[in-house]
Structures are given as C-alpha cells and as structure tokens.
Amino acid sequence: MKSADADILLVDDSQDDVDLTLHALRRENLANHIAIARDGEEALDYLFCRGDFVDRPCERLPRLILLDLKLPKVDGMEVLKQIKADPRTKLIPVVILTSSKEERDLAKGYNLGANSFIQKPVDFSQFREMVKTLGMYWLVINQPPVINGATPSKKKEP
C-alpha cells in the first residue's frame with residue numbers, strides 16, 4: 001500500500017495492470033495520490049482503518065475506488081459489498097475494472113452498488129485511453145456527493 005491520503009484507491013493484484021493504470025493517471029495529471037491495495041483484505045483494512053492502517057485518519061477517504069474482481073484473500077465482490085454496506089464508505093464511487101466477461105459478474109456488481117463496470121482492454125493504448133477517460137469523468141467532471149460531512153475537493157487546474 002502506498003499512500004495514506006489518496007485521491008484513488010486502486011485494488012488490483014496484477015503488477016502489470018497497476019503499472020499501466022498508474023502511468024495513464026499520472027501522464028494525464030489526474031490524481032496526485034494513489035493508494036494501491038494488492039488484495040481485498042488490504043483494501044478493506046485501508047478503508048476501515050484496521051490492521052496496518054489502524055493509525056490512518058479514517059475521515060480521509062479516497063474520491064474513487066478502482067476495483068478488480070479476481071483478488072486474493074477477499075474477492076472484489078465481497079469488497080464491494082462491504083464498501084456499499086457501510087455508511088462511511090457507501091457514497092464513494094466504485095468502478096469495477098476487470099478482465100471478466102461474465103454477464104453474472106456485471107449484474108452482481110451493479111446489484112451490489114457498483115457505479116460502473118468496465119472490462120479491461122488488452123491493448124496498451126486502449127487501456128491507457130480508458131483509464132484517462134475514467135479518471136477525467138470521476139475526478140474532474142463528476143460532481144461528488146457529500147461524504148462524512150464534506151465534499152471531496154476537486155483537483156485544481158494549473
């Protein structure tokens with residue numbers, strides 16, 4: 001895990017996908033602080049200030065969660081279920097970013113409260129463009145809800 005105060009929580013166990021996502025977001029200057037969780041348990045510990053993150057300020061929530069489904073320890077659907085069941089985190093946008101083509105994953109994800117479901121492109125340039133578009137929408141264009149009494153600040157223009 002990298003950052004205690006994150007704009008984005010990226011939950012993915014694939015180092016290649018993490019590297020591509022970080023490259024695309026940083027290239028477009030879309031997020032200054034990106035926390036990375038390598039499994040579902042680490043993501044939940046980060047969000048709920050447990051385990052290694054017990055000293056993290058819990059009022060500092062990410063503005064966006066990018067969530068893979070196929071994760072070690074706790075799978076992505078269970079992570080999503082716990083995020084959306086908790087009043088502290090239920091309003092954080094969660095984008096499922098997965099290689100799954102299963103219709104049941106799509107339906108289950110939306111039923112559990114996912115804000116978006118995106119299949120990861122295999123092509124590098126398509127992947128980069130998808131992450132750029134996703135970041136622009138959720139971090140710049142989208143109007144965030146009030147979370148814990150405060151609206152997360154949007155990135156300031158240079």
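Where does Lys 73 lie? I started my notebook with this residue, and found Lys 73 in the loop between β3 and α3. A reminder to myself before going on: this is a predicted model.

**Entry 1: residues with positive phi**

I looked up the backbone of Lys 73 and read a phi near 70 degrees, which is positive although the residue is not a glycine. Most residues other than glycine have a negative phi, so I made a note of each exception I came across. Is Lys 73 buried or exposed? Its relative accessible area is 64%, and the cut-off for exposed is over 50%, so Lys 73 is exposed.

Cys 49 was my next stop. Its phi is also positive, near 55 degrees, and it is again a residue other than glycine. I found Cys 49 in the loop between α2 (40–48) and β3. With 9% relative accessibility, Cys 49 counts as buried.

I added Asn 29 to the list, which follows α1 and has a positive phi near 55 degrees.

**Entry 2: the whole chain**

I then stepped back for an overview. I noted five helices and five strands, in the order β-α-β-α-β-α-β-α-β-α along the sequence. The chain has 158 residues, and 49% of them count as buried. I also checked how far along the sequence the contacts reach: among contacts with a separation of 6 or more, 64% are between residues 24 or more positions apart.

**Entry 3: helix α1**

Helix α1 covers residues 15–27, which is 13 residues. I checked its span from first C-alpha to last and got 18 Å, close to the 18 Å expected at 1.5 Å a residue.

Which residues of α1 are buried? I wrote down Asp 17, Val 18, Thr 21, Leu 22, Ala 24 and Leu 25. They are on the same side of α1, because they cover an arc of only 165 degrees around the axis. What do the buried residues pack against? I found β1 (8–11), β2 (34–37), β3 (64–67) and α5 (124–141) as their partners.

**Entry 4: strand β4 and its partners**

I spent some time on β4, residues 94–98. Five of its five residues are buried, so β4 is largely enclosed by the rest of the structure. In a regular strand the side chains alternate between the two faces of the sheet. I looked for this in β4: Val 94, Ile 96 and Thr 98 point one way, while Val 95 and Leu 97 point the other way.

Which strands pair with β4? I found β3 pairing with β4 in the parallel sense, over three bridges. Ile 65 has Val 94 of β4 as its bridge partner. The unit made by β3, helix α3 (residues 76–85) and β4 is a right-handed β-α-β unit.

I then turned to β5 (residues 116–119), which runs parallel to β4 and is joined to it by four bridges. Ile 96 has Phe 117 of β5 as its bridge partner, and the partner of Leu 97 is Ile 118 in β5. I traced the chain from β4 through helix α4 (residues 103–111) to β5, and this β-α-β crossover is right-handed.

**Entry 5: aromatic pairs**

How many aromatic pairs does the structure hold? I counted two. Tyr 46 and Phe 53 make an edge-to-face pair, with 5.5 Å from centre to centre and 80 degrees between the planes. Tyr 46 is buried at 0% relative accessibility, and Phe 53 is buried too, at 14%.

The other pair is Tyr 137 with Trp 138: the ring centres are 4.9 Å apart and the planes are at 85 degrees, so this pair is edge-to-face. Tyr 137 counts as partly exposed at 38% relative accessibility, whereas Trp 138 counts as buried at 15%.

**Entry 6: Met 136**

I closed with Met 136, which lies in helix α5. At 34% relative accessibility, Met 136 counts as partly exposed. What does Met 136 contact, leaving aside its neighbours within four places in sequence? I found Leu 30 and Ile 141. I also looked up Glu 28: Met 136 and Glu 28 are 108 residues apart in sequence, and their C-alpha atoms are 8.8 Å apart in space.

Notes
Residues numbered from 1 in each chain as written. Heavy atoms only, no water. Helix = DSSP H or I, 4+ residues; strand = E, 2+ residues; numbered from the N terminus. Expected span 1.5 Å × (residues − 1). Buried < 20%, exposed > 50% of the residue type's maximum accessible area, 1.4 Å probe, protein only. Arc of directions from axis to C-beta. Contact = heavy atoms within 4.5 Å. Pairing = 2+ DSSP bridges. Right-handed = clockwise from strand over helix to strand, strands pointing away. Phe/Tyr/Trp six-rings, centres within 6.5 Å; stacked < 30°, edge-to-face > 60°.
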